[in-house]
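Here are a few exercises to work through with the model open beside you. Try each task before reading its solution.

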Amino acid sequence: MKNLLAKLDRIAGGRHADYTIPDEARDDPRTRRAFVVITWLLVAEFLLGVAAVVIALVLQLNGHPVQWAVWMRSAVVLGITLTLFYFAWRAQEGYYWAYSRLRLFSKIFPVVTLVIAAIPGLYPLWMVTEQIIFSLILIGVADYLDSDHMRAAFPRPARRGNQGTTADVARR
């Protein structure tokens with residue numbers, strides 16, 4: 001299992017796959033507390049995705065046709081949420097790359113989701129509502145990840161080959 005995780009980390013983390021934050025920052029009560037809240041927000045996200053699948057299934061079984069876009073969106077939301085869980089878990093372990101990916105995607109996905117939700121007639125009202133709630137929850141995740149404490153706890157790794165330059169020193 002550890003080998004599989006190392007391979008996934010290498011793919012997802014790229015050149016910074018092995019870089020972890022100091023133990024003091026990872027074990028800081030504020031860091032731990034932030035990840036507890038983030039985990040619960042992601043649980044809410046997952047339950048929201050499951051609810052969308054259940055609603056679509058109930059509608060379909062009761063003779064109301066459900067558009068292909070609804071099924072696809074439901075599957076994508078569940079996939080995204082599982083990926084975010086993985087990033088959150090690895091970030092809790094102190095991996096900078098996971099924190100960075102979670103922070104990035106928690107900012108991008110709400111924008112994409114809201115833009116798609118704004119396309120007239122693409123989704124039924126209940127799905128548009130689900131997308132808005134999905135976005136609000138992810139904005140909450142992004143807010144925790146963007147806190148001063150979390151940004152300080154997860155400093156960007158120094159660039160290789162540029163150690164000691166003024167730009168690197170300023171970034172640290």
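**Exercise 1: a glycine in a loop**

Decide whether G14 is buried, partly exposed or exposed, then find what surrounds it.

Solution. This is a predicted model, so keep that in mind throughout.
- Begin with the accessible area: G14 has a relative value of 27%. Buried means under 20% and exposed means over 50%, so G14 counts as partly exposed.
- Next, place G14 on the chain: it sits in the loop that runs between helix 1 (2-13) and helix 2 (23-27).
- Now look for its contacts. Skipping residues up to four places away in sequence, G14 touches D9 and R101.
- Finally, check W97. It is 83 residues from G14 along the chain, yet the two C-alpha atoms are separated by 7.9 Å.

**Exercise 2: the overall build**

Work out how many helices and strands the protein has, and describe its overall dimensions.

Solution.
- Count the elements: you should get 8 helices and 0 strands. Read from the N terminus, the order is α-α-α-α-α-α-α-α.
- Turn to the dimensions. The C-alpha trace spans about 65 × 35 × 30 Å along its principal axes.
- Then consider the surface. The accessible area is about 10,100 Å², and carbon and sulfur atoms account for 65% of it.
- Of the 172 residues, 36% are buried.
- Last, look at how the chain meets itself. Among contacts with a separation of 6 or more, 75% are between residues 24 or more positions apart.

**Exercise 3: the nonpolar cores**

Find which residues have the most contacts inside the largest nonpolar core, and which helix gives the largest share of it.

Solution.
- The largest core holds 30 residues, and I38, L84 and F154 have the most contacts inside it.
- Trace where the core comes from: at least two residues each are supplied by helix 3 (29-61), helix 4 (68-92), helix 5 (96-117), helix 6 (125-145) and helix 7 (148-153). Helix 4 gives the largest share, with 7 residues.
- Zoom in on L84. Leaving out neighbours within four places in sequence, L84 is in contact with L42, L102, F105, F109 and L138.
- Don't stop there, though: a second, separate core has 9 residues, including A69, V70, Y123 and M127.

**Exercise 4: charged partners**

Say where the partners of the E130–R73 and R103–D146 salt bridges sit along the chain, and whether they are buried or partly exposed.

Solution.
- A general idea helps first: side chains of opposite charge can pair when their charged atoms come close. The structure holds 8 salt bridges.
- Take E130 and R73: their closest N and O atoms are 3.6 Å apart. E130 is in helix 6 and R73 in helix 4, 57 residues apart, which links distant parts of the chain. Both residues are buried.
- Now R103 and D146, with their closest N and O atoms 2.4 Å apart. This pair also joins distant parts of the chain: R103 belongs to helix 5 and D146 to the loop between helix 6 and helix 7, 43 residues away. R103, at 25% relative accessible area, is partly exposed, and D146, at 22%, is partly exposed too.
- To finish, follow the network: salt bridges with shared partners join D23, R26, D27 and R32. Within it, R26 and D27 meet at 3.2 Å, N to O.

Notes:
Residues are numbered from 1 along each chain as its sequence is written. This is a predicted model: local features need pLDDT of at least 70, side-chain atom pairs count only at pLDDT 80 or more; totals for chains, interfaces and linings use all residues. Side-chain values use heavy atoms; hydrogens and water are left out. A nonpolar core is a set of buried Ala, Val, Leu, Ile, Met, Phe, Trp, Tyr and Cys residues joined through side-chain atoms within 4.5 Å. Buried means under 20% relative accessible area, exposed over 50%, partly exposed in between (1.4 Å probe, protein chains only). Helices (H or I, at least four residues) and strands (E, at least two) are DSSP runs, numbered from the N terminus. Contact means heavy atoms within 4.5 Å. Accessible areas come from the Shrake-Rupley method with a 1.4 Å probe; for residues, only the protein chains shown count as cover. A salt bridge is a side-chain nitrogen of Lys or Arg within 4 Å of a carboxyl oxygen of Asp or Glu.
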